[in-house]
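Me: I'd like a close look at one part of this model, the surroundings of the bound ligands, and then a walk outward from there. Here it is.

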Amino acid sequence: MLPVTERLGRVIAVYGRRYRVAVDGRELDCVTRGKKGGVACNDRVAVRETGTDSGVIERVLPRDNLLWRSDEHRAKLLAANVDQVLVVTAAIPTPRAQLLDRSLVAAEAAGIRALIIVNKSDLPETAAYIQRLNPYRELGYPLIPISARMDVSPLKPWLADRVSVLVGASGMGKSTLVNALVPQAQAATAETSEALDAGRHTTTHTQLYRLPGGGELIDSPGMQEFGLRHLRLDEIQAAFPEYRRLAGQCRFHDCRHLQEPGCAVRAAVESGEIMRERWWVYQDILRENAQIGH
Ligand SMILES: Nc1nc2c(ncn2[C@@H]2O[C@H](COP(=O)(O)OP(=O)(O)OP(=O)(O)O)[C@@H](O)[C@H]2O)c(=O)[nH]1
Ligand SMILES: [Mg+2]
Ligand SMILES: [Zn+2]
């Protein structure tokens, strides 16, 4: 039960520690009570109005799921209660090592399905990049080439009636994609060189947009790193679909799939059955997690 002064709302944009909350068809500019953060885009919240078009978020209601990243110092919440994560990548600018795999791991760990969007299919470099990414289809991730500039229609059927969140490095074209799908969005975009030279990302806030064909799309600022300090060993292992079919085949039941003798994962890496680069990502994630002890 809500106290009479509280109303239910939904967070539709996050600007640092300020939040835009939709309440009964209106939008309130909100802060959280005290210094606590911990509010994500698309969170359901209880708010108390404090003035015309302003309010305070009193509580976050229980979430279906939460996509987030974490480094040594803090957690960064990306979005809550989403149906799918769209990991946006492109051949140009050169993708940052591990960002795609780490985004997929975060989605798996949060129990959210992930799709890989290969943007900029109008560029000649993209064909070879798609070839490189083809093995991800076998892992169960739909691979959807599009051009946010020329043609986004292959993506539309995947979006209807779902809440999707875009993640990826700066310059991959997330906001360009939003503008192609949501005519009135007018999200800021920038030439990659401009954005990178200025040492900043073009999009600096997270925002939810309503899609004309039904469904919603969340744009977020580009990231350079995807820290996963919050994951335990068993969660990390479970986030690699290629390990699942090898379950129970290692000599030791608590095998960490590193240097242990009789490791079925390692054997599959050596035989080329699973992608060596992803095994390296796995090792790096383990190494970062101090409590796992390396
Ligand atoms: N050739 C080509 N360029 C594209 C395409 N989509 C986006 N771009 C360009 O890529 C650059 C970056 O696009 P943005 O949409 O700002 O990228 P972003 O992922 O939102 O970047 P951040 O907000 O910094 O995270 C812009 O110059 C876009 O015009 C595409 O399909 N083809
Ligand atoms: Mg952007
Ligand atoms: Zn093993």
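To get going: which backbone oxygen does the side chain of asparagine 119 reach, and at what distance?

Reply: Keep in mind that this is a predicted model. The side chain of asparagine 119 reaches the backbone oxygen of methionine 172, at 2.9 Å. Asparagine 119 itself sits in strand E9, which covers residues 113-119. With a relative accessible area of 3%, under the 20% cut-off, asparagine 119 counts as buried.

Now for ligand 1. There are 24 residues around ligand 1, and the ones that come nearest are Asp122, Ser170, Lys174, Thr176 and Thr203. Sorted by class, that shell holds 6 nonpolar, 13 polar and 5 charged residues. If you ask which element gives the largest share, look at helix H5, residues 174-181, which supplies 3 residues of the shell.

Some of the polar contacts are worth going through one by one. Take aspartate 122: a polar atom of its side chain lies 2.7 Å from a nitrogen atom of ligand 1. Serine 170 has a side-chain N or O atom 2.4 Å from an oxygen atom of ligand 1. For serine 147, the side-chain N or O atom and an oxygen atom of ligand 1 are 3.2 Å apart. As for cover, ligand 1 has 660 Å² of accessible area on its own, and the protein covers 96% of that.

Next, the metal. Ligand 2 is a magnesium ion, and its protein donors are Ser175, through OG, and Thr203, through OG1, lying 2.0 to 2.1 Å from the ion. Serine 175 lies in helix H5, while threonine 203 is in the loop between helix H6 (192-197) and strand E12 (206-210), so this pair ties together parts that are 28 residues apart in sequence. Serine 175 and threonine 203 are both buried. Thr203 also turns up among the residues that come nearest to ligand 1, and helix H5, home of serine 175, is the element with the largest share of the ligand 1 shell.

Moving on to the backbone, there are a few things to check. Isoleucine 92 and proline 93 are joined by a cis peptide bond, with omega at about -10°. Proline 93 is in the loop between strand E8 (84-90) and helix H1 (99-110). Glutamine 98 is found in the loop between E8 and H1 as well, and its phi is near 75°, a positive value in a residue other than glycine. Another positive phi belongs to aspartate 24, near 50°, again in a residue other than glycine. Why flag these? Most residues other than glycine have a negative phi, and most peptide bonds are trans. Aspartate 24 has its place in the loop between strand E2 (18-23) and strand E3 (26-32). At 59% relative accessibility, over the 50% cut-off, aspartate 24 counts as exposed.

On to the cysteines. The disulfide count comes to 0. Cysteine 250 is buried at 13% relative accessibility, and cysteine 255 is buried too, at 5%.

Last, some long-range spacings, all C-alpha to C-alpha, to give you a feel for the layout. Glutamate 49, in strand E4 (residues 44-51), is partly exposed, with a relative accessible area of 32%. Glutamate 49 and proline 261 are 212 residues apart in sequence and 61 Å apart in space. Proline 154 belongs to the loop between strand E10 (143-145) and helix H4 (156-159). Proline 154 is partly exposed as well, at 36% relative accessible area. From proline 154 to glycine 34 the separation is 120 residues in sequence and 45 Å in space. Leucine 228, by contrast, is buried, with a relative accessible area of 0%. The loop between strand E13 (216-219) and helix H7 (233-238) is where leucine 228 is found. The C-alpha atoms of leucine 228 and threonine 202 are separated by 24 Å, with their positions 26 residues apart along the chain.

How values were computed. Residues numbered from 1 in each chain as written. Chains lettered and ligands numbered in written order. Predicted model: local features only at pLDDT ≥ 70, side-chain atom pairs only at ≥ 80, totals over all residues. Heavy atoms only, no water. Near = heavy atom within 4 Å. Polar contact = N/O pair within 3.5 Å; in protein donor to acceptor, adjacent residues only side chain to side chain. Areas by Shrake-Rupley, 256 points an atom, 1.4 Å probe, with all protein chains shown as cover. Helix = DSSP H or I, 4+ residues; strand = E, 2+ residues; numbered from the N terminus. Nonpolar A, V, L, I, M, F, W, Y, C, P; charged D, E, K, R; others polar. Disulfide = S-S within 2.5 Å. Buried < 20%, exposed > 50% of the residue type's maximum accessible area, 1.4 Å probe, protein only. Donors = N, O, S within 2.8 Å, 3.2 Å for Na, K, Ca; no water.
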